[in-house]
Amino acid sequence: MAIKKLLIATLMLSSAAATSAEKFVVDDIQFEGLQRVALGAALLKMPVRVGDTVSSQEVSKVIKALFASGNFEDVKVFRDNDTLLIKVIERPTISSISFSGNKAIKEEQLQDNLDASSIRIGEALDRTTLSKIEKGLEDFYYSVGKYNATVSAVVTPLPRNRADLKFVFTEGVSAKIQQINFIGNEIFTDEELVDRFNLNFDVPWWNFLADEKYQKQVLAGDIEALKSFYLNRGYLKFQVDSTQVSISPDKKGVYITLTVKEGEAYTIKSVSFRGELIGKEDEFEQLNPFEEGDTYNGAAVTSLEENIKRILGESGYAYPKVQTIPEFNDETQEVMLAINVEAGHRIYVRDIRFTGNTETKDEVLRREMRQMESSWLNSKSIDLGKNRLNRLGFFETVDVQTQRVSGSDDQVDLVYNVKEANSGNVNFGVGYGTSSGISFQIGLQQDNFLGSGDNVGISAMMNDYKKNISFNYRDPYWNLDGVSLGGKVFYDEFEASDAGIIDYTNQSYGTSLTWGFPFDELNYFSIGIGYKHNKISKLDNYLQIEQYLQSAGDSYDDNNNLLLVDDFDITLSWTRNNLNKGYFPTAGNYQSASYKITVPGSDSQFFKTQYDVRQYVPLTEKHEFTFLMRGRLGYGNGYGNTDGNDNLFPFYENFYAGGFSTIRGFGNNSVGPKAVYQEGQANNPNYKATDDSVGGNATALVSFELIFPTPFASEDARKQIRTSVFFDMASVWDTEFKQINDNNISAGSEYYYDYSDPSNFRSSYGAALQWMSPMGPLVFSVAKPVEIYEGDDEEFFTFTIGRTF
C-alpha cells in the first residue's frame, strides 16, 4: 500500500494547518469514520468531485464545508496516490436533555432556548453552541443580580456515538442593593429621587412587599422614570451622564451610582401647530394644556401628542406622525413648542377578519363591529368594537391589529384575534352553608349556544329548602336593529323554614317573555310580561303577616290555611354596561335598575324596584390591583285596595340578606326583621320575638373589595383565578310594620330590633377566591361577621360551585 500523505491535519472550527502539496487529479474519494451520516450526504457537502484537480487550497475548502455541515467534530484529509481519503470523527447524537438546579428559569423556557439553537434530542451535539448557551444563561443570571450563578453543560458519552446532555445550574442568591447614590443633584434630594425607583435598599422589616434584589432591566426602567420625573417639572435638559454598578467582593452586594445633570426649569413661551392640520387646528388648540408662563411638563406634552393622533385616527389617518420640536431661550429659561403634524394618507378599511373563534360564528363577532368595511378608518370605532366583544363574556382576551394592504398606501385590513372562554357547559354544582346544608345544582347553561350568541339554559337545583327547574332562552339579536327576545318557564318548591325564614311552603310555576332595546352603545332597556302562580301553605299567624292576609280576600282560605295567588306583571329594566370586559372585569361601571308591577286584577297588587351598581377602579397601570365597590337598593309596596283594605307588599316577595350573594359570613336570610308573635289578652298584649327571619320591603347593600394578583400563581393561571379581600354591609327593614312597645316584649327579645330603622346594618369581612374552571365558576370564601347579634346565624365558611359574585 502506498504511503498516505497528510494534506491538511486536524482542522477545528474552520482553522487549518496546511502542508505544501502539489496539485493532482482526484480519481476517487473515500471516507473513514462515518456512522450516522450517510456517504451520499457527506459527498453532497463536498465542493470537490472525482476528476477535479485539487491543491491544498481546495482541500481547505473541503474541510471547511464538512465542518459547516455540523456533523463532525474532527476532519483530516489524506492523499493516497490519486485517491482523496477523508477521516472524520462524527459529533455524538443527543440522546436526552435534562436540567438540574434551575429555579429562576422554567424548563419550558430553557427548552425553547435550546430549540432556537438547534439543540434537540436526535440532533448532533455542537460543543461550540453549548458554550454560547452556557454564557448566555450566566449573563441572564447576572442581569437579575445572581452574580454567583454558574451554568455547566455536562456531556456523558453513550454507546453508538450518543451522548446524554445535562445542564447543571448553581443559582446562588441574588445580590441585594446596599446603596443608591446620586452625584450632581441639587434641586432634589437623594431621598426624593430614590422614591421614584422600583429598586429598593435598606427596606424596613415590615415592608414585606419591597424587593431589594438588583435587576438590570428594572434599573433601566428606573432611569427612564427619573428622566420623566425631571421632564414633568420643566427640566428639559436633564440627563444621566453615567451609571456605575459596583459589586462587593463576595458578589452579594450591589452599589449603584448615577451622575446626573439637572439643568434649569423651563417655562412655556408659546405652543404652535404646523404641518398637515387637515382643518382641525381649532380642535388641536383646544387640546393645548399650556398657558404662557406655565412650567413645561413632559407628560402633558406626550398626552397632547396622543390626543392629536387620536383625533387624526378618528378621521381615517391611521399612521400619523406628531412630533414636538422645542426651541429654547436659555437666557429667559423659556421654550417655544412647535407641534409638527404629518397626517399621512387617509385610510380605508378593506376587510375585517376574525381569528381564534373556533366555536363562535363570525356573524356573532361581526354584528358587534362599529367600524364598517369600505369606509374611512376610525380608531374610536375600532376600539369600541373591541370593547363590545370583551363585554360579551365569550372571550378571555380580544386583540385587534391593523394590517396594511400590500401594494396600497390607503387601505388596511382589521384582524380581531380572540381567545374563547368557556361560555357554556354541563354544570354540576355543589354548595354548603350552615343554614342551607348541602345543595346540588345540575343543568346545561350555554351563553353562546352552538356559537350563535344565543343564551339557552335548562337547570335544576335542590337543597334543604328549595327545588327548582327552569328553562330559559334569549336571542340578543332578534332583528337587525339589535332588539332581543327572551323567555323563561319555571317550576319551584320552597320550604321557608329550612331557609332560616318563618315557616311556609310555596309551590309556584310561571313564565315570562322579555324584549330588549339598545338605546346607545352603553345603555339598554327591556320590557317584560310575566305570569306566576303561587300555592302557599303552612302559614304561621305572626304579626307581620296578619295585615297582608286580611287584604288577601278570596285568595286566602283560612280554614285550610292556604293562599292561592295568580300574579300578572310587567317589568321595565335599564342596564348600563361600561365594563372593560365581561370576563373578570378590572375597570368600568355596571348599573341596572328594574321596576316590576302587577297589573290591576292580579290577586296581589304591588310594585317592586331594585337598583344595582358595580364600580371597578384600577389602582395600577396594568390593573393587577383593582378596587371594587358594589351597592344595592331595593324597595317594594302594595298599591290600591281590596274590599276596603289597603293592598300590602306580599311577604313571599320580601327582600332578604345574609349568605353568599348578599353579605358573606352570615347564614342565608339571617339578616333583617324577625317574626313576632302576640301573646296574652288583646287589651293587654305581650309579644314574643323569634329567630325566624321574615324579610322586609326595603333593603340596602354596600360592599368594598380589593382584587389583587393571586400569590404564587403564574401569569396564565391569573387569567383563570381571581383573589380578593372584602368588607360587606347589608340591612333589611320593613317600612309598614308598626313599632311595638319594647316594654311589652317577653322572652326572646334579644332577637328583636326596630324593624322600621334602616340603620341596622350587619357587616362582615373576609377573603374570596374565584376560579373559572372547566365546570363553571367556582367560588370559595371565608368570612367573619364584625358583630354578631343574638339570633344572627353566623357562618364562617362558604364554599360554592357554579355561582359567581
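Me: What makes strand 17 and strand 19 a pair?
Reply: In this predicted model, strand 17 and strand 19 (residues 411-420) are joined by 7 bridges and run parallel. Two strands pair if DSSP finds at least two bridges between them, so strand 17 and strand 19 count as paired. One of the partnerships is that of R353 with V415 in strand 19.

Me: Why is strand 17 called an edge strand?
Reply: Strand 17 belongs to an open sheet of 3 strands, in the order 17-19-18, with mixed pairing. Strand 17 (348-355) and strand 18 (395-404) each pair on one side only, and these are the edge strands. From one strand to the next, the twist averages 15°.

Me: Which helix lies across strand 18 and strand 19?
Reply: That is helix 10 (residues 379-392), and its direction is at about 160° to strand 18.

Me: How do you know that S374 is exposed?
Reply: The relative accessibility of S374 is 61%. Exposed means over 50%, so S374 counts as exposed. The residue sits in the loop between helix 9 (362-366) and helix 10.

Me: What is noted about the phi of S374?
Reply: S374 is not a glycine, yet has a positive phi of about 65°. Most residues other than glycine have a negative phi. N81 is also not a glycine and has a positive phi, of about 60°. The place of N81 is the loop between strand 6 (72-80) and strand 7 (83-90).

Me: Why is E653 called buried?
Reply: E653 has a relative accessible area of 8%. Buried means under 20%, so E653 is buried. E653 lies in the loop between strand 33 (645-646) and strand 34 (674-681).

Me: Which residues does E653 touch, not counting residues up to four places away in sequence?
Reply: E653 touches K532, K596, F606 and K608. A contact requires heavy atoms within 4.5 Å.

Me: How do you know that strand 15 and strand 16 pair?
Reply: Strand 15 (residues 321-329) and strand 16 (residues 334-342) have 9 bridges between them, in the antiparallel sense. The requirement is at least two bridges, so strand 15 and strand 16 are a pair. Within this pair, F328 stands opposite V335 in strand 16.

Me: How many residues lie between strand 15 and strand 16 in their hairpin?
Reply: There are 4 residues between them, and Q333 in the turn has a positive phi of about 55°.

Technical notes
Residues are numbered from 1 along each chain as its sequence is written. This is a predicted model: local features need pLDDT of at least 70, side-chain atom pairs count only at pLDDT 80 or more; totals for chains, interfaces and linings use all residues. Side-chain values use heavy atoms; hydrogens and water are left out. Helices (H or I, at least four residues) and strands (E, at least two) are DSSP runs, numbered from the N terminus. Buried means under 20% relative accessible area, exposed over 50%, partly exposed in between (1.4 Å probe, protein chains only). Axes are lines fitted to C-alpha atoms, for helices over the stretch in contact, and angles run from 0 to 180 degrees between N-to-C directions.
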